[in-house]
Amino acid sequence: MARQLRAFAVTVLALAALGVPAGLVWSALSPRPPYRITEGTASVLADPATQTLIAADGWFATVTGGLGLACGALAWFLSRRQQLAVLLGLCGGSVLASFVTLWTGTTFTLGVIAVEASAEPGVTFVAGPLALTADGVLVSWPLLAVGLFGLLEGMHGYRESPLRAPYGIGSHPPAADPYRIGEPPPRGD
């Protein structure tokens, strides 16, 4: 029981710690949406149809999805004895890591933050904060990590299964059909 608990805790803590560099990478890769600041007014989105809002979601899904695949494969290869504890830790830790990635990426600003100056006097364009517009990308890390872990375990289990053999281990092929081709089988009246 202590080994399973330790495997669970190590998995959760390792993935949560991995969320910090993932957030910094997301912050460095994602473009910032431009906001327009005029004299005496609050900042507004300069171009409501900007693709930078969607690009931030895409970069988040790419960074966390890639880490999810890497973590799922690594967890499967390293967890031959405490698979259930590592799988539960992988699930919980990757959910926690997604939120740590979101917090780190929105708190620390890396990458390009300069925005071109406007030709209009009194109007300034600034880079806006990094945020997610689609909250569904938060599940890309846990979904891909647990999914790959399950796929690898299923392939490994099938490879070692006695059901993989056409007739099972030690059995013989079935006897030939007693009915001739074209003749219907007798009815059980």
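What follows is a walk through this structure, from its overall layout to its helix packing and a few individual residues.

Keep in mind from the start that this is a predicted model. The protein chain has 4 helices and 3 strands. Reading from the N terminus, those elements run α-β-β-α-α-β-α. The chain has 189 residues, and 28% of them count as buried. Its contacts reach a long way along the sequence: taking those with a separation of 6 or more, 81% are between residues 24 or more positions apart.

Let's look at how the helices sit against each other. Two packed helices are described by the angle between their axes and the distance between the axes. Start with helix H1, which spans residues 2-29, and H3: their axes come within 7 Å and cross at roughly 25°. H1 and H3 are therefore roughly parallel to each other; an angle under 35 degrees is what earns that label. Sorted by class, the residues of the H1 contact with H3 come out as 17 nonpolar, 12 polar and no charged. As for handedness, H1 passes H3 in a right-handed crossing.

Threonine 104 gives you a residue's-eye view here. You'll find threonine 104 in helix H3, which covers residues 83-107. Is threonine 104 buried or exposed? With a relative accessibility of 1%, threonine 104 counts as buried, because the cut-off for buried is under 20%. And what does threonine 104 touch, once residues up to four places away in sequence are set aside? The partners are Gly19, Val20, Gly23 and Leu24.

Now move on to H4. Helix H2 (residues 52-78) packs against helix H4 (residues 140-160) at an angle of about 30°, and their axes are 7 Å apart. That angle makes H2 roughly parallel to H4. Their meeting point draws on a good list of residues: on the H2 side they include Ala61, Thr64, Gly65, Leu67 and Trp76, and on the H4 side Trp141, Leu144, Leu148, Phe149 and His156 are among them. By class, this contact of H2 with H4 has 13 nonpolar, 6 polar and 1 charged residues. The crossing of H2 past H4 is right-handed.

H3 also packs against H4, with axes that come within 8 Å and cross at roughly 160°. That makes H3 roughly antiparallel to H4, since the label applies to angles over 145 degrees. Here too the crossing is right-handed, with H3 passing H4. If you want to trace the contact by eye, look in H3 for residues such as Val86, Leu87, Leu90, Cys91 and Val95, which are among those meeting a set in H4 that includes Trp141, Pro142, Ala145, Val146 and Phe149. The residues of this contact divide into 11 nonpolar, 4 polar and 1 charged.

Next, the aromatic rings. The structure holds 3 aromatic pairs, and two of them are worth a look. In one, the rings of tryptophan 26 and phenylalanine 60 have centres 5.0 Å apart and planes at 80°, so the pair is edge-to-face. This pair links distant parts of the chain, with tryptophan 26 in helix H1 and phenylalanine 60 in helix H2, 34 residues apart. Tryptophan 26 and phenylalanine 60 are both buried.

Another pair joins tryptophan 103 and phenylalanine 108: the ring centres are 6.0 Å apart and the planes stand at 90°, so this pair is edge-to-face. What about their accessibility? Tryptophan 103 is exposed, with a relative accessible area of 51%, because exposed means over 50%. Phenylalanine 108 is partly exposed, with a relative accessible area of 40%.

Tryptophan 103 also leads you to the last stop, alanine 131. In sequence, alanine 131 and tryptophan 103 are 28 residues apart, while in space their C-alpha atoms are 9.5 Å apart. Where does alanine 131 lie? Alanine 131 is in the loop between strand S3 (123-127) and H4. Alanine 131 is partly exposed, with a relative accessible area of 40%. Leaving aside neighbours within four places in sequence, alanine 131 is in contact with Ala56, Asp57 and Thr106.

Methods: Residues are numbered from 1 along each chain as its sequence is written. This is a predicted model: local features need pLDDT of at least 70, side-chain atom pairs count only at pLDDT 80 or more; totals for chains, interfaces and linings use all residues. Side-chain values use heavy atoms; hydrogens and water are left out. Axes are lines fitted to C-alpha atoms, for helices over the stretch in contact, and angles run from 0 to 180 degrees between N-to-C directions. Helices (H or I, at least four residues) and strands (E, at least two) are DSSP runs, numbered from the N terminus. Angles under 35 degrees count as roughly parallel, over 145 as roughly antiparallel, 65 to 115 as roughly perpendicular and the rest as oblique. A crossing is left-handed if the near helix is turned anticlockwise from the far one by less than a right angle, and right-handed if clockwise. Contact means heavy atoms within 4.5 Å. Ala, Val, Leu, Ile, Met, Phe, Trp, Tyr, Cys and Pro count as nonpolar, Asp, Glu, Lys and Arg as charged, and the others, Gly among them, as polar. Buried means under 20% relative accessible area, exposed over 50%, partly exposed in between (1.4 Å probe, protein chains only). Rings of Phe, Tyr and Trp (its six-membered ring) pair if their centres lie within 6.5 Å; planes under 30 degrees apart count as stacked, over 60 as edge-to-face and the rest as tilted.
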